[in-house]
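Here is a short report on the empty spaces, helices and strands of one protein model. Have the sequence and the 3D view ready as you read.

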Amino acid sequence: MSGDLSLDINIKEPRWDQSTFMGRAQHFFFVTDPRNILKSSQTLEEARVTVENYRSGVVKPGLTEDELWRAKYIYDSAFHPDTGEKMLLVGRMSAQVPMNMTITGCMLTFYRTTPAVVFWQWVNQSFNAVVNYTNRSGDAALTTNQLAAAYVSATTGAVVTALGLKSLTKRLPAVMSRFVPFFAVAAANCINIPFMRQRELKYGIPVTDENGNRLGESVTAAKSGIIQVVVSRIGMAVPAMAIPPVIMNALEKKAFMKRFPVLNAPVQVGLVGLCLVFATPLCCALFPQKSSLSVSSLEPELQERIRQDSPLTTTVFFNKGL
């Protein structure tokens, strides 16, 4: 049974050209839209049914193209692209702005004491661990023991890094202390993401041909994807953690901020949120989510298998994660 809508719309791919930065940016503005986390379970289920039915050639009567794309982006915001499973709410990219603006705002506000640095770095890296696991590439899950070891390693490494950087700023101007959270987060991302996605580095991630046919698993592709994600995450942190400290350093000298110090945290959180609304989708768009590598750059054994099974394939594709 089919409706009036054409079945030629390729909703396996984003609506906009992913070979350009602007096309990717438009795509991620929809995927990371914070309003998506407010969608009810019923709305998410309806979007899933609409998308999966369309992919199988079944179209609800009266469905328009705009409604189909809207359902696809609701679906993409909540369901993992490889496993199809509904993702943890706080791990979804649409939760990045509200969660990060709160955590980052508090990190930038409460940075003067060691207990505060430890607590907020632990909160931030715990959140990042959930995000990194939720948005991993591939369809194989970590075991409970692997997940626990990855979490402890990632958060411990991040907190130790933050404390080490904090100790280095004692002899520097006060404004430099405000940047400790940023440098700590940047360094911690280099630790957290690989640890939480360590299974990919050990066993590889699925690579496909241009038609989506699975050709094998590649550790080289996993390394490439993880490096891209690390760069994107650090990029997200730059405006949110580098711009507000400069503004706050100037504002705190003003009479009204001295008179109402309680405004410090909400103003800081608001500034961070404003930065993240734009930084999150724009930095997700730095690299295509469906990344590619030439066959010649893969592991020798995988190259040989692809040349035997798919001799015309010169480029493989993979989901780099987010």
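Begin with the second largest pocket. Its lining divides into 5 nonpolar, 1 polar and 6 charged residues. This model is predicted. The space in that pocket comes to about 250 Å³. Among the residues that line the second largest pocket are Arg 15, Trp 16, Asp 33, Lys 39 and Trp 69. Asp 66, Arg 70, Tyr 73 and Ile 74 are also part of that lining. Which helix gives the most to this lining? H3 does, with 5 residues.

**The largest pocket**

H3 turns up again here. It gives the most to the lining of the largest pocket, with 4 residues. This pocket holds about 1200 Å³ of space. Its lining has 39 residues. Nearest the centre lie Lys 12, Pro 81, Asp 82, Lys 290 and Asn 319. Helix H1 (21-31), helix H3 (65-78), strand S1 (205-208) and strand S4 (315-319) each supply at least two lining residues. By class, the lining has 14 nonpolar, 14 polar and 11 charged residues.

**Closed spaces**

Rolling a probe the size of a water molecule over the atoms shows where empty space is left. Now turn from pockets to cavities. How many cavities of 30 Å³ or more does a search of the whole structure find? The search finds 3. The largest cavity has a volume of about 170 Å³. It is lined by 13 residues. Closest to its centre are Asn 100, Asn 128, Val 185, Arg 233 and Ala 237. Four helices each give two or more residues to this lining: H4 (96-109), H5 (114-134), H8 (180-196) and H10 (219-251). The largest share, 5 residues, comes from H10.

The table sets the three spaces side by side.

| Space | Volume | Lining by class |
|---|---|---|
| Largest pocket | about 1200 Å³ | 14 nonpolar, 14 polar, 11 charged residues |
| Second largest pocket | about 250 Å³ | 5 nonpolar, 1 polar, 6 charged residues |
| Largest cavity | about 170 Å³ | 6 nonpolar, 6 polar, 1 charged residues |

**Annotated spans and a bent helix**

A record adds some labels. The unreviewed UniProt entry lists residues 175-195, 226-247 and 267-287 under "transmembrane region". What does the model show for residues 226-247? That span is 100% helix and 0% strand, and its end C-alpha atoms lie 32 Å apart. Residues 267-287 are 86% helix and 0% strand. Their end C-alpha atoms also lie 32 Å apart.

Next, check a helix by its length. Helix H12 covers residues 264-284, which is 21 residues. At 1.5 Å a residue, H12 should span 30 Å. Its end C-alpha atoms are 29 Å apart, so the model agrees with the expected span. H12 also has a kink of about 35°. Where is that kink centred? It is centred on Leu 276.

**A strand pair**

S1, which helps to line the largest pocket, has a partner. It is joined to strand S2 (residues 214-218) by 4 bridges. The two strands run antiparallel. Look at who faces whom. Ile 205 stands opposite Ser 218 in S2. Pro 206 stands opposite Glu 217 in S2. S1 and S2 form a hairpin, with 5 residues between them. In the turn, Gly 212 has a positive phi of about 85°.

Terms used:
Residues numbered from 1 in each chain as written. Predicted model: local features only at pLDDT ≥ 70, side-chain atom pairs only at ≥ 80, totals over all residues. Heavy atoms only, no water. Expected span 1.5 Å × (residues − 1). Bend = angle between axes of the 7 residues up to and from the residue. UniProt positions renumbered as here; feature names shortened; annotations may be inferred. 1 Å grid on protein atoms, 1.4 Å probe; cavity = no way out; pocket = protein on both sides within 12 Å on 5 of 7 lines; lining within 4 Å. Points joined across faces, edges and corners; volume = space filled by probe spheres on them. Nonpolar A, V, L, I, M, F, W, Y, C, P; charged D, E, K, R; others polar. Pairing = 2+ DSSP bridges.
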